[in-house]
Amino acid sequence: TALELLQKQKKYLLLDIGTGSGNIAISLARLSPNKKLKIFASDISAGALKVARTNACFHKVSRLIKFCRGNLFRAFNRFNLHEKVDLIVSNPPYISNRERKNLPLDVRKYEPPAALYVPTGSRGTFFHKQIITESTRYLKPGGYLVMEIGIGQAPELKEFLEKIGYFDMIIFLSDYNSIPRVVVTRCSGNSEL
């Protein structure tokens, strides 16, 4: 979906929130036919960003991606990106404590907890709602927000997006099991915040 959106304009400014090892930013940089692509990618973990930079060099796309350390959008404060961004992508943590025990052992044992779990006592949509709210400052009218979501989170996020009133399109894409797993929204530029 993000690759399809990248083909709509000649120049493109993209944010990857919570980039981790950089897989989304690097894939988009490598696979996009858009050669005027500029990506800013954030993560709170210095270790994850080190891996992401190494991966970007390996895939020969490091000139297209600026990796920034910081929590969510705070990593971009010094770049003056407000109302300039065409696309925001994110695969944020979305697993609550009560869902933790249902994860496969290989996920629980080998994935970094910060990449999987929301803060204790929070709902699985904790980071999604922060990203949605902050995205209203960064997206330009017509810009898109694309995020992976957890099982059963679509109704709550749809209600939240509608309440904000900043988006003129809200679509949920399903995985191969017909479970909504990605939300795609478009900024109308009319915030009710």
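The questions and answers below go through the sheet and the helices of a predicted model.

Me: In what order do the strands of the open sheet lie?
Reply: The sheet is open and has seven strands, with mixed pairing. Its edge strands are β3 and β6 (167-174), each of which pairs on one side only. From one strand to the next, the twist averages 15°. The order is β3-β2-β1-β4-β5-β7-β6.

Me: Do strands β2 and β3 run parallel or antiparallel?
Reply: Strand β2 covers residues 36-43 and strand β3 covers residues 65-69. Five bridges join β2 to β3. Within this pair, I39 stands opposite I65 in β3. The two strands run parallel.

Me: Through which helix does the chain cross from β2 to β3, and is the crossover right-handed or left-handed?
Reply: The path from β2 to β3 is a β-α-β crossover. The helix on the way is α3 (residues 46-58), and α3 lies across β2 and β3, running at about 170° to β3. The chain crosses through α3, and the crossover is right-handed.

Me: Which strands does helix α2 touch?
Reply: Helix α2 (residues 23-31) packs on the sheet. Its direction makes about 175° with that of β2. The strands touched by α2 are β1 (11-17), β2, β3 and β4 (85-90).

Me: How many residues lie between β6 and β7 in their hairpin?
Reply: Strand β6 is joined to strand β7 (residues 180-187) by seven bridges, and the two run antiparallel. F167 stands opposite C187 in β7, and I171 stands opposite V184 in β7. In the turn, S178 has a positive phi of about 60°. The number of residues between β6 and β7 is five.

Me: Is helix α7 roughly parallel or roughly antiparallel to helix α8?
Reply: Two packed helices are described by the angle between their axes and the distance between the axes. The axes of α7 (residues 126-138) and α8 (residues 154-164) come within 11 Å and cross at roughly 25°. Angles under 35 degrees count as roughly parallel. Therefore α7 is, with respect to α8, roughly parallel.

Me: How do the residues of the contact of α7 with α8 divide into nonpolar, polar and charged?
Reply: The crossing of α7 and α8 is right-handed. On the α7 side, the contact is made by H128, K129, I132, T133 and T136. On the α8 side, E156, L157, F160, L161 and I164 take part. The residues divide into five nonpolar, three polar and two charged.

Terms used: Residues numbered from 1 in each chain as written. Predicted model: local features only at pLDDT ≥ 70, side-chain atom pairs only at ≥ 80, totals over all residues. Heavy atoms only, no water. Pairing = 2+ DSSP bridges. Helix = DSSP H or I, 4+ residues; strand = E, 2+ residues; numbered from the N terminus. Right-handed = clockwise from strand over helix to strand, strands pointing away. Axes fitted to C-alpha atoms, helices over the stretch in contact; angles between N-to-C directions. Parallel < 35°, antiparallel > 145°, perpendicular 65-115°, else oblique. Left-handed = near helix turned anticlockwise from the far one by under 90°. Contact = heavy atoms within 4.5 Å. Nonpolar A, V, L, I, M, F, W, Y, C, P; charged D, E, K, R; others polar.
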